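Me: I'm new to this structure, so could you show it to me and take a few questions?

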Amino acid sequence: MRRLWQPWQPGQPRDSRATTGHPRPTVDLQKFDPTAKPFSFSKGKQYDKDSVSQLAEALDGLQNIFYADRRFKLLVILQGMDAAGKDGTLRAVFGRMSPLGVRTVGWKAPTETEKAHDYLWRIHQQMPGAGEIVLFNRSQYEDVLVPVVNGWLTPEQQTQRYAQINDFERMLSETGTVIVKFMLHIGKDEQRQRLQERLDDPCKHWKFDENDLKVRAQWDDYQQAYGQLLGATHTPWAPWTIVPANSKTHRNLMIATVLREVLTNLELRYPPGVPALDKIKVK
């Protein structure tokens, strides 16, 4: 697993506290092929689809123990360009899980109330509780993407926000939250096809936002902003995984495989039974 996983991380995770004044180099996303399928089996697409289904079942079982164990909290972040497949991942990978103990948060532009507070205020309110898994469709990283691309932050403010996010995530980690961050890496041509499909299918018009075209026109700027945040916020307590996302099946396979590994390594267990219950007979 480590052999498959490490090449898709933006370098060695680094403790940002020990590197003050020495910013990590920007990650060059052009070196990560969005068409790659490193976790795919050689038996074909259908085998991979079946594997995703089996992994989803396994994750459902692990989530059941996770909820009963209550020693941990899990935050899964899905970040990526428009049409990278965040919604599809939620359906395919997490769709088998019980609603009990699993919650999805979709982040949009902040409301006036949210803007009256610091940018992490709304994020902190949605953190998982004991035994809970929270799935972020977009995240706090929007606050170092949109403002950066549009020039609303100075370089000093941008660096400051990276440090604040790292400290925030470290605090979460130190208080029992396991953080797993996925950057869904889609190619520009693949994004064009998916956006066009939304326009061509009336049933998908609700998914299309005219702002998507504006953001697409800023493609290179967003790739640069992603590269900067990946380099600055890939830490031991909250590492990033870059997921090649041109293949929907492989995207789901890779994320499900990584999450199964993460949950398995927690050595989850059910709480001890109550001896008195052994004597009770239901009539």
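Me: Which residues of α8 are buried?
Reply: Happy to help! This is a predicted model, where local features need pLDDT of at least 70, side-chain atom pairs count only at pLDDT 80 or more, and totals for chains, interfaces and linings use all residues. Residues are numbered from 1 along each chain as its sequence is written, and side-chain values use heavy atoms, leaving out hydrogens and water. With buried meaning under 20% relative accessible area, exposed over 50% and partly exposed in between (1.4 Å probe, protein chains only), the buried residues of α8 are Glu 190, Gln 191, Arg 194, Leu 195 and Arg 198.

Me: Why are these buried residues on the same side of α8?
Reply: An α-helix has 3.6 residues a turn, so residues three or four places apart point the same way. On the other side of α8, Asp 189 and Asp 200 are exposed. The buried residues share a side because, going by the directions from the helix axis to the C-beta atoms, they cover an arc of only 130°.

Me: Which helices do the buried residues of α8 pack against?
Reply: Contact here means heavy atoms within 4.5 Å. By that test, the buried residues of α8 pack against α9 (211-217), α10 (219-232) and α11 (248-265).

Me: How many Å apart in space are Thr 111 and Lys 279?
Reply: Thr 111 is in the loop between β2 (102-106) and α4 (112-115), and is partly exposed at 40% relative accessibility. In sequence, Thr 111 and Lys 279 are 168 residues apart; in space, C-alpha to C-alpha, the distance is 55 Å.

Notes: Helix = DSSP H or I, 4+ residues; strand = E, 2+ residues; numbered from the N terminus.
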